[in-house]
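Reader: Please take one part of this model and go through it closely: the packing of its helices. I would like the geometry and the residues that make each contact.

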Amino acid sequence: MVVVVYRYGHRISRDKRITTHVALVARAFNADGIVIDTKDEGIEESVKKVVEKFGNDFFIKTGVPWKKFFGEWKGKIVHLTMYGERIDNVINEIKKHDNILVVVGSEKVPREFYEIADYNVAIGNQPHSEVAALAIFLHFLTDGKWLEKKFDGIMEIEPCKKGKKIRYNYEKILRIEGCNEAVIKHCKMVYELARRIAERIAKNGISVDISAIEAGAMLHDVGRSKTHGIMHIIEGAKIARKYGLPKKIIDIIEHHGGAGIDSEEAKKLGLPPKDYSPRTIEEMIVAHADNLTNTKYRKFRQAYYELKMKAGEKAAEKLRRLHEKLSSLAGIDIDEIVDEMR
Ligand code: SAM
């Protein structure tokens, strides 16, 4: 069944908020899209942003005059009005149709609507709101099944008793930001290795935030969608900020360069002046998992010599210290974990 909502009488100056809510209710309660009579790029943009973050392929179109649109609609037109028939008397009849255009007004709607509509439907014969009327109509139309809809967005909210739990789809973020397949594959490999290292360290009774490691590892190279130079750590942090990710994750991304870039090296590399060395256990694990991952996993010795050639002795020695530190926290040489991965 295709369900499209038509919003009549949108006034840019007065209705921005309520029309946005009509659109959000349409999306959340399983309609396929919304068409609005008045052109309003602001509403288009804010609804598209929600769709981008929270998912599905809901469409929005504004600046579409009703006469032509209703005339061309191939299906039934349901006009929601307090003057209509009781919803419980007509809903079963409406459900039999495949294409349904649900019309809601703002102030007064033209008289013709009552004639053109196949069904004038009242959600109780009292005046209330287009937002409420639409939500309840869609609830009846879907027999409450809108609740089961899967949205597959970048962000998914996990129901919980208290507080807020958000799950992110990191691969989707990499794709939306335009990372190529090689970068995505590398990020997934770093994610796997970083998790293994973190689990070994956690087993030794050391507290490690695994979910921050998962996020930081998957997104550590998201800045490569903008540049493959060292500035990708800054660009990556910027992108993470745009998605409202926690500081802990932003810092993992910003501090993953080599085995740590101090302020002196940062200056030479043209980075904004500050110390980019990994400080927390999570930052260290992701930075080192990245050192040991190229297109394949590699052991410390190989990573050491490659870094020495590329960035010099000082950088390579930092890598040695990081490897030794994490190996001692894990209680085994990290190379053994690399071996298990290969
Ligand atoms: N006099 C208007 C009417 O025809 O219902 C009320 C205007 S109301 C502020 C804006 C919109 O909310 C209406 O165009 C209608 O789509 C919807 N609406 C309000 N109360 C409703 C009800 N009881 N049943 C169905 N729709 C309602």
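Author: Helix H10 passes helix H11 in a right-handed crossing (the near helix is turned clockwise from the far one by less than a right angle; anticlockwise would be left-handed). The model is a predicted one, in which local features need pLDDT of at least 70 and side-chain atom pairs count only at pLDDT 80 or more, while totals for chains, interfaces and linings use all residues. Residues are numbered from 1 along each chain as its sequence is written, and side-chain values use heavy atoms, with hydrogens and water left out.

H10 covers residues 232-242, and its axis lies 8 Å from that of H11, at an angle of about 165°. Axes here are lines fitted to C-alpha atoms over the stretch in contact, and angles run from 0 to 180 degrees between N-to-C directions. At that angle, H10 is roughly antiparallel to H11 (over 145 degrees; under 35 is roughly parallel, 65 to 115 roughly perpendicular and the rest oblique). From H10, the residues in contact (heavy atoms within 4.5 Å) are Ile 233, Ile 234, Gly 236, Ala 237, Ala 240 and Arg 241. Their partners in H11 are Ile 250, Ile 253 and Glu 254. By class, this contact has six nonpolar, one polar and two charged residues. Ala, Val, Leu, Ile, Met, Phe, Trp, Tyr, Cys and Pro count as nonpolar, Asp, Glu, Lys and Arg as charged, and the others, Gly among them, as polar.

H11 also packs with helix H9. H9 takes in residues 210-219 and H11 residues 247-254, and their axes are 9 Å apart at an angle of about 40°. H9 is therefore oblique to H11. H9 too passes H11 in a right-handed crossing. On the H9 side, the contact is made by Ala 212, Ile 213, Ala 215, Gly 216 and Leu 219. On the H11 side, it is made by Lys 248, Ile 249, Ile 252 and Ile 253. These residues divide into seven nonpolar, one polar and one charged. Ile 253 of H11 thus takes part in the contact with H9 as well as the contact with H10.

Another pair is helix H13 (residues 281-291) with helix H15 (residues 313-330). Their axes come within 10 Å and cross at roughly 115°. This crossing is left-handed. H13 supplies Ile 281, Met 284, Ile 285, Ala 287, His 288 and Asn 291 to the contact. H15 supplies Leu 319, Leu 322, His 323, Lys 325, Leu 326 and Leu 329. The class count for H13 with H15 is eight nonpolar, three polar and one charged.

For the numbering of these elements, helices (H or I, at least four residues) and strands (E, at least two) are DSSP runs counted from the N terminus. Two helices outside these contacts each lead into a loop with a positive phi. Asn 56, with phi near 70°, is in the loop between helix H2 (41-54) and strand S3 (59-62). Asp 143, with phi about 55°, is in the loop between helix H6 (130-141) and strand S7 (155-157). Most residues other than glycine have a negative phi.
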